[in-house]
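Got the viewer open and a selection box ready? Let's take a walk through this model, one stop at a time.

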Amino acid sequence: MTPCKRGKKAPTAAGVDRIGALPDEILHHLLSFLPAQEAVRTCVLARGWRHLWKFTTGLRIVEFEGARSVQDVRKFVDYLLILRGDGGLNTFEVELSEFSEDDVLYVNLWTRFAVFCKVRALTLHLHHNKFLDLEGLPLVSRELRTLDLRGVCLRRAFLDFSSCPTLEDLKMQYCQIDVDKISSLSLKRLSIIFCRSDQSHRVRVSAPCLISFTLDSFAGRTPLLESMPMLETAVVELGGACSDFCHSYRTRGFCGANGSRCVYCFSYNDESSNTVLLGAIYNAKHLRLISPLGMVIFARDLKSCPTFNKLKTLLLNGYWCVGPDFDALTCILKHSSSREAHSSVCFREVHKVEMKGSYSSTEKPTEISEHLKLISVKYNVVDDRVLQLLKFMCTFNIQSK
């Protein structure tokens with residue numbers, strides 16, 4: 001469908017219609033930033049605006065004037081898509097707060113319509129206390145570059161992006177991820193934030209071209225990462241809902257770094273890989289590794305993890321600093337062999353004091369990499385853990401600056 005020719009623009013009573021005088025292509029782009037309901041209403045502005053909304057480069061199906069649910073906008077969206085036709089789309093966004101079981105089919109149809117219109121950026125945000133089930137069929141698109149999902153349930157092959165060769169950005173927030181594998185050969189940025197999986201096995205992540213990866217507060221078994229040789233930045237924050245914890249931590253202490261397998265560690269790794277996380281992200285230049293006490297993933301991974309040869313920045317929390325031996329901290333610092341590595345240990349999210357230390361030139365300890373340039377410890381109050389850590393650093397000739 002091609003845009004219609006607009007007639008000669010007449011000046012308004014107050015003067016020249018400067019916005020209406022813009023080329024159609026620019027007006028189509030500007031209208032794409034409005035909610036779809038607002039964009040359609042521009043048809044009454046003047047004769048030249050009558051059909052502009054049909055050719056917008058983006059559609060935003062969002063809450064508007066009391067319309068908060070899928071059911072509230074269903075009829076409007078159906079007519080909108082019919083009248084608009086299958087013209088190309090750069091963006092398609094659905095952001096609503098409520099839905100019923102009857103609405104699930106409509107949202108899936110809207111999603112497939114957007115893909116059919118060769119959408120480049122697809123956003124589905126459902127703010128509800130239940131997950132909306134998306135069809136388990138994989139997306140097929142040579143144009144899709146960005147996929148942003150929130151509040152949806154992903155099953156079967158939906159996250160198989162072998163038929164989306166240009167997809168580069170995938171963001172999932174508050175989603176139920178019940179798939180065997182997330183796979184893409186083109187993906188560059190992946191964020192999994194406050195998502196969950198109820199499966200007994202781990203979700204595998206195969207994205208060898210990733211340059212940025214974020215895993216934050218995943219509930220259930222921690223996803224298993226496959227090789228990411230191009231990775232530059234990785235943020236992994238394990239939350240309290242992670243299933244990979246040790247039942248005996250409070251009575252027996254930190255078990256993850258010792259030589260024996262703890263029988264009380266819940267569901268560690270029954271896969272073929274020796275590591276779950278660190279074996280895939282060790283190539284990163286910037287790492288943030290945060291975990292509650294009692295989780296076993298990081299400590300177990302360190303036993304089989306290669307050296308962090310490219311590491312420049314490493315941010316840890318108090319999980320790594322459990323005395324008296326500080327096995328986990330010693331191990332991660334020992335594996336940080338980059339000549340530019342800078343490690344920061346934070347005991348509180350909000351800290352008031354920072355101490356920086358570096359190696360003395362008079363002695364080079366063998367337990368920790370000699371290439372580690374700087375270690376900074378940030379804390380709010382000086383408690384027993386901080387004192388133990390400072391004493392530990394002194395034993396390795398790490399001196400305050």
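Are aspartate 244 and arginine 202 buried or exposed? Select the two together: aspartate 244 is buried, and arginine 202 is buried as well. Here, buried means under 20% relative accessible area, exposed means over 50%, and partly exposed lies in between, with a 1.4 Å probe and protein chains only.

A quick note before going on. This is a predicted model, where local features need pLDDT of at least 70 and side-chain atom pairs count only at pLDDT 80 or more, while totals for chains, interfaces and linings use all residues. Residues are numbered from 1 along each chain as its sequence is written, and side-chain values use heavy atoms, with hydrogens and water left out.

**Stop 1: around aspartate 244**

Stay on aspartate 244, which has 0% relative accessibility. Its side chain meets that of arginine 202 in a salt bridge, 2.9 Å from N to O. A salt bridge is a side-chain nitrogen of Lys or Arg within 4 Å of a carboxyl oxygen of Asp or Glu. The two partners sit 42 residues apart: aspartate 244 is in the loop between strand S14 (233–237) and helix H5 (249–252), and arginine 202 is in the loop between strand S10 (189–193) and strand S11 (204–206). Helices (H or I, at least four residues) and strands (E, at least two) are DSSP runs, numbered from the N terminus.

Now add threonine 222 to the selection. Its side chain makes a polar contact of 2.8 Å with the side chain of aspartate 244. A polar contact is a pair of N or O atoms within 3.5 Å; within protein, one must be able to donate a hydrogen and the other to accept it, and residues adjacent in sequence count only if both atoms are side-chain atoms.

**Stop 2: other salt bridges**

How many salt bridges does a search of the whole structure find? The search finds 14. Pick arginine 74 and aspartate 103, whose closest N and O atoms are 2.8 Å apart in a salt bridge. Arginine 74 belongs to helix H3 (residues 70–84), while aspartate 103 is in the loop between strand S2 (91–96) and helix H4 (104–116), 29 residues apart. Arginine 74 counts as buried because its relative accessibility is 18%. Aspartate 103 is buried too, with a relative accessible area of 1%.

Next, try arginine 112 and glutamate 135, a salt bridge with its closest N and O atoms 3.3 Å apart. Arginine 112 is in helix H4, and glutamate 135 is in the loop between strand S4 (132–133) and strand S5 (146–150), 23 residues apart. Both ends are partly exposed: arginine 112 has 24% relative accessibility, and glutamate 135 has 30%.

**Stop 3: strands S1, S2 and S3**

Switch to cartoon view and select strand S1 (residues 58–62) with S2: they run parallel, joined by five bridges. Two strands pair if DSSP finds at least two bridges between them. Glycine 58 stands opposite threonine 91 in S2. Following the chain, you cross from S1 through H3 to S2 in a right-handed β-α-β crossover. A crossover is right-handed if, with the strands pointing away from the viewer, the path from the first strand over the helix to the second runs clockwise.

Then add strand S3 (residues 121–126), which pairs with S2 in the parallel sense over six bridges. Look for glutamate 93 opposite threonine 123 in S3. The chain goes from S2 through H4 to S3, again a right-handed β-α-β crossover.

**Stop 4: the S4-S6-S8 sheet and leucine 154**

Which strands stand at the edges of the sheet? First, show the open sheet of three strands, paired in parallel in the order S4-S6-S8. The edges are S4 and strand S8 (176–178); each has a single partner strand, so one side of each is left without a neighbour in the sheet. Three bridges join strand S6 (residues 152–155) to S8.

Zoom in on leucine 154, which stands opposite isoleucine 177 in S8. Leaving out residues up to four places away in sequence, leucine 154 touches several residues, including Leu134, Leu149, Leu159 and Met172. Contact here means heavy atoms within 4.5 Å.
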